[in-house]
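Student: I am new to this structure and would like a close look at one part of it. Please take me through the place where two helices meet, and then set that place beside the sheets and the ligand.

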Amino acid sequence: MAQHMQILDNALDAVGKTPLIRLDKIAQSHGLKCNLLGKAEFMSVGGSVKDRIAKAMVEAAEKDGILIPGQSVVIEPTSGNTGSLPLILLGVASIDTVFGHVGIGLALACAIKGYSVIITLPNKMSLEKEALLRALGAEVIRTPNVPHDSPESLISSVLSVARRLEKEIPGGVILDQYRNVNNPLAHEWTTGPEIIDAIVSTPSTPARPSSGKVDAIVAGAGTGGTVTGLSRAVRKHNKDCIVVGIDPKGSILALPEALNVEGAGSSYVVEGIGYDFIPDVLVQKEVDAWLKTEDDESFLAVQQLMRKEGLLVGGSSGSALSGALRWLKTEEGSKVASTPGANVVVVLPDGVRNYMSKPWFLKIAMESEPTPLREIIGKILQKE
Ligand code: PMP
């Protein structure tokens, strides 16, 4: 029978409400007795977990009178790196991740609500990114690729330009996802409850046993809004739920700090997670266990999600999955892994749309083992 569907008022009603999907084949191949479940955030209308916070920040700012219809202009600096740390610490501006999903979420929300949007973007960012933002009606300002410590950076970096525009454009507002309480709140109030609701509403059966609660949840940290907000939501539902945070090697978000020593300062390709400063909205203590991940294992996990489960996800989804699988082998995790019906949720923050031209994706997409089928095809075609 078809699911109960209703007409939505507009695309903002299609933010979030993403499915929780069993990852049975991956669970089986790792010998897990627990349920492994993926929260498919790439199915949100703008394509990522960031739609939720863009909507929440815009709506809260409207309520607080910070955004005024017909007057306000939302300005978002989208940086390709974390080099502007001093400016962020001074509270001068916020930055976005390499791919700037929040920019897309904001452009989408503002298109619907009728606000103008300006995104400042470094020259090095892809044309696809600019096109996506422009397609949503945003103004895109390209800024030179200047080192953060150069004097020129103070005038021409994405942050400085955004800040100047905010000052001089009447009604200019930077919403600042790194400090905005609506970032973690969006996850505490929507992502978390959706996960809990899906688990509570799915009956336990002999074939598919379920504890009826979230026993562990695994999420990567960028701003940390997702993992912090989810932690608050799941603890209200099950105080024993174990919250696992994923941080790439080279980033400093994990605790204890000793975890961050190996590979300190090194760069990584996976986008959207990890920083070289601690964003205000990340409360590290609210995460029970941190795991550090590497690019290779993350991309291999993406390949598994695609080939075994049909999920076209981005790199940070692979990090979350490979971190989850490693955690399930630790002393604490293996108790969960060996419990039939225990529910382990992995957050899959975005889809592959954003990475179709990246070498890592092309590599995992194109590589494959020789198969009997290919041999048969080869023989048939040779005959001609
Ligand atoms: N993955 C991707 C692709 C992201 O864009 C983000 C957001 N930066 C995250 C993971 C992590 O989310 P959060 O900022 O809530 O920690």
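Tutor: What follows starts with the pair of helices, then turns to the two sheets and the ligand. Keep in mind throughout that this is a predicted model.

The two helices are H2, residues 50-63, and H4, residues 101-113. Their axes come within 8 Å and cross at roughly 50 degrees. An angle under 35 degrees would count as roughly parallel, and one of 65 to 115 as roughly perpendicular; H2 and H4 are therefore oblique to each other. The crossing in which H2 passes H4 is right-handed. On the H2 side, the contact is made by Lys50, Asp51, Ile53, Ala54, Lys55 and Val58. H4 contributes His101, Val102, Gly105, Leu106, Leu108, Ala109, Cys110 and Lys113. Sorted by class, the residues in this contact are eight nonpolar, two polar and four charged.

Next come the sheets. One is an open sheet of four strands, in the order E5-E4-E3-E6, with parallel pairing. Its edge strands are E5, at 139-143, and E6, at 172-173, and each of these pairs on one side only. Strand E3, residues 73-77, runs parallel to E6 and is joined to E6 by two bridges. Within that pair of strands, Val73 stands opposite Gly172 of E6.

Another open sheet has six strands, ordered E1-E2-E10-E7-E8-E9, and here the pairing is mixed. Strand E1 (20-22) and strand E9 (289-293) are at the edges; each has a single partner strand, so one side of each is left without a neighbour in the sheet. From one strand to the next, the twist in this sheet averages 25 degrees. Inside the order, strand E2, residues 35-40, and strand E10, residues 343-348, run parallel and are joined by six bridges. Leu37 has Val345 in E10 as its bridge partner.

Last is the ligand. There are 20 residues around the ligand, and those that come nearest are Gly222, Thr223, Thr226, Gly272 and Ser316. By class, the shell around the ligand divides into five nonpolar, 12 polar and three charged residues. For the contact of H2 with H4, the corresponding division is eight nonpolar, two polar and four charged.

Technical notes:
Residues are numbered from 1 along each chain as its sequence is written. This is a predicted model: local features need pLDDT of at least 70, side-chain atom pairs count only at pLDDT 80 or more; totals for chains, interfaces and linings use all residues. A residue is near a molecule or strand if its C-beta atom, placed from the backbone, lies within 6 Å of it. Ala, Val, Leu, Ile, Met, Phe, Trp, Tyr, Cys and Pro count as nonpolar, Asp, Glu, Lys and Arg as charged, and the others, Gly among them, as polar. Two strands pair if DSSP finds at least two bridges between them. Axes are lines fitted to C-alpha atoms, for helices over the stretch in contact, and angles run from 0 to 180 degrees between N-to-C directions. Angles under 35 degrees count as roughly parallel, over 145 as roughly antiparallel, 65 to 115 as roughly perpendicular and the rest as oblique. A crossing is left-handed if the near helix is turned anticlockwise from the far one by less than a right angle, and right-handed if clockwise. Two residues are in contact if their C-beta atoms, placed from the backbone, lie within 7 Å.
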